[in-house]
Amino acid sequence: RIRYRIDGILHEKLILPKNVHEALVSRIKILSGMKIDEKRIPQDGRFNFRSDGDEVDLRVSSLPTVYGEKIVMRLLKKSGGIPTLPDLGLRGKALANLEDAILRPHGIIIVCGPTGSGKTTTLYSVLSKINTTRVNIITLEDPVEYQIPGVNQVQVNPQAGLTFASGLRSFLRQDPNIILVGEIRDTETADLAIQASLTGHLV
């Protein structure tokens, strides 16, 4: 079955015959750059397509289950640019407090929320506002969803040894003013982020 999650609620849209499942999963895995012969472990991939002139980025995740592989695709519209903070619905005191925090020379700002709530979009909106030639901004993301001119964006690559923790440790030698950490998944990354915020960086 095919379901869409809209505003946090799953809606069933289509039920396909069971005999097309394997072919459909294989096609999605090929487009996403996954290994089609590997069905024992979860995989992640991505691909782009255009719809009505808009570029759409799909992040794809596969998961082996007792009934076969399950595929989840997350759609991200890349056209239209990055929204401003007011475009995201920030108003009044909430907007003033955030703008005050992001203009400080050091400290830590944590953006949290459930999947699909707009954390990454909020972070990109903040970066767009503070991105000038007078500051050195470095980001560590998984994956890089939008490319921002003038910002040094790095994508983690655990297979090559580039994790959030190792990347953040290297960033401190790159003379950054502002560091964006896409996710804090472990204690080591959290410790490094706090240490960076206490040593003259805005994290």
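**Exercise 1. A pocket and its lining**

Which residues line the second largest pocket? Work out the make-up of this lining as well.

*Solution.* Please keep in mind that the model is predicted.

Step 1. Begin with the stretch Ile102, Leu103, Arg104 and Pro105, which belongs to the lining. Further along the chain come Ile130, Thr132, Arg134 and Val135, and the list is completed by Asn177, Ile178 and Leu202.

Step 2. Sort these residues by character: seven are nonpolar, two are polar and two are charged.

Step 3. Add the volume, which is about 200 Å³ for the second largest pocket. As background, rolling a probe the size of a water molecule over the atoms shows where empty space is left.

**Exercise 2. The chain as a whole**

Find how many helices and strands the protein chain has, and write down their order.

*Solution.*

Step 1. Count the elements: the protein chain holds five helices and eight strands.

Step 2. Walk along the chain from the N terminus, and the elements read β-β-α-β-β-β-α-α-β-β-α-β-α.

Step 3. For the dimensions, follow the C-alpha trace along its principal axes; the span is about 60 × 40 × 30 Å.

**Exercise 3. A sheet with antiparallel pairing**

Describe the sheet that contains β3, β4 and β5, and find the helix that packs on it.

*Solution.*

Step 1. Put the strands in order: this open sheet of three strands runs β3-β4-β5, and the pairing is antiparallel. Its edge strands are β3 and β5 (68-77), each of which pairs on one side only.

Step 2. Check the twist, which averages 25 degrees from one strand to the next.

Step 3. Look for the helix. Helix α1 (residues 21-31) packs on this sheet and touches β3, β4 and β5, and its direction makes about 45 degrees with that of β5.

Step 4. Zoom in on one pair of strands. Nine bridges link β3 (residues 43-51) with β4 (residues 54-65) in the antiparallel sense. Phe47 stands opposite Leu58 in β4, and Ser51 has Asp54 in β4 as its bridge partner.

Step 5. Finish at the turn. β3 and β4 make a hairpin with two residues between them, and Asp52 in the turn has a positive phi of about 55 degrees.

**Exercise 4. A sheet with parallel pairing**

Work out the strand order of the sheet formed by β6, β7 and β8, then place two helices against these strands.

*Solution.*

Step 1. The order in this open sheet of three strands is β7-β6-β8, with parallel pairing. At the edges are β7 (152-155) and β8 (178-181), each pairing on one side only.

Step 2. From one strand to the next the twist averages 15 degrees.

Step 3. Strand β6 (residues 137-141) is joined to β8 by four bridges, and the two run parallel. Across this pair, Ile138 stands opposite Ile179 in β8.

Step 4. Helix α3 (residues 119-130) packs on the sheet, touching β6, β7 and β8, with its direction at about 165 degrees to that of β6. Helix α4 (residues 164-171) lies across β6, β7 and β8 and runs at about 170 degrees to β6.

**Exercise 5. One serine in its setting**

In which helix is Ser166 placed, and what lies 3.0 Å from a polar atom of its side chain?

*Solution.*

Step 1. Locate the residue: Ser166 is in helix α4.

Step 2. Search around its side chain, where the backbone oxygen of Gly161 lies 3.0 Å from a polar atom.

Step 3. Now set Ser166 against Leu85: the two are 81 residues apart in sequence, and 31 Å apart in space from C-alpha to C-alpha.

Key
Residues numbered from 1 in each chain as written. Predicted model: local features only at pLDDT ≥ 70, side-chain atom pairs only at ≥ 80, totals over all residues. Heavy atoms only, no water. Pairing = 2+ DSSP bridges. Axes fitted to C-alpha atoms, helices over the stretch in contact; angles between N-to-C directions. Contact = heavy atoms within 4.5 Å. 1 Å grid on protein atoms, 1.4 Å probe; cavity = no way out; pocket = protein on both sides within 12 Å on 5 of 7 lines; lining within 4 Å. Points joined across faces, edges and corners; volume = space filled by probe spheres on them. Nonpolar A, V, L, I, M, F, W, Y, C, P; charged D, E, K, R; others polar. Polar contact = N/O pair within 3.5 Å; in protein donor to acceptor, adjacent residues only side chain to side chain.
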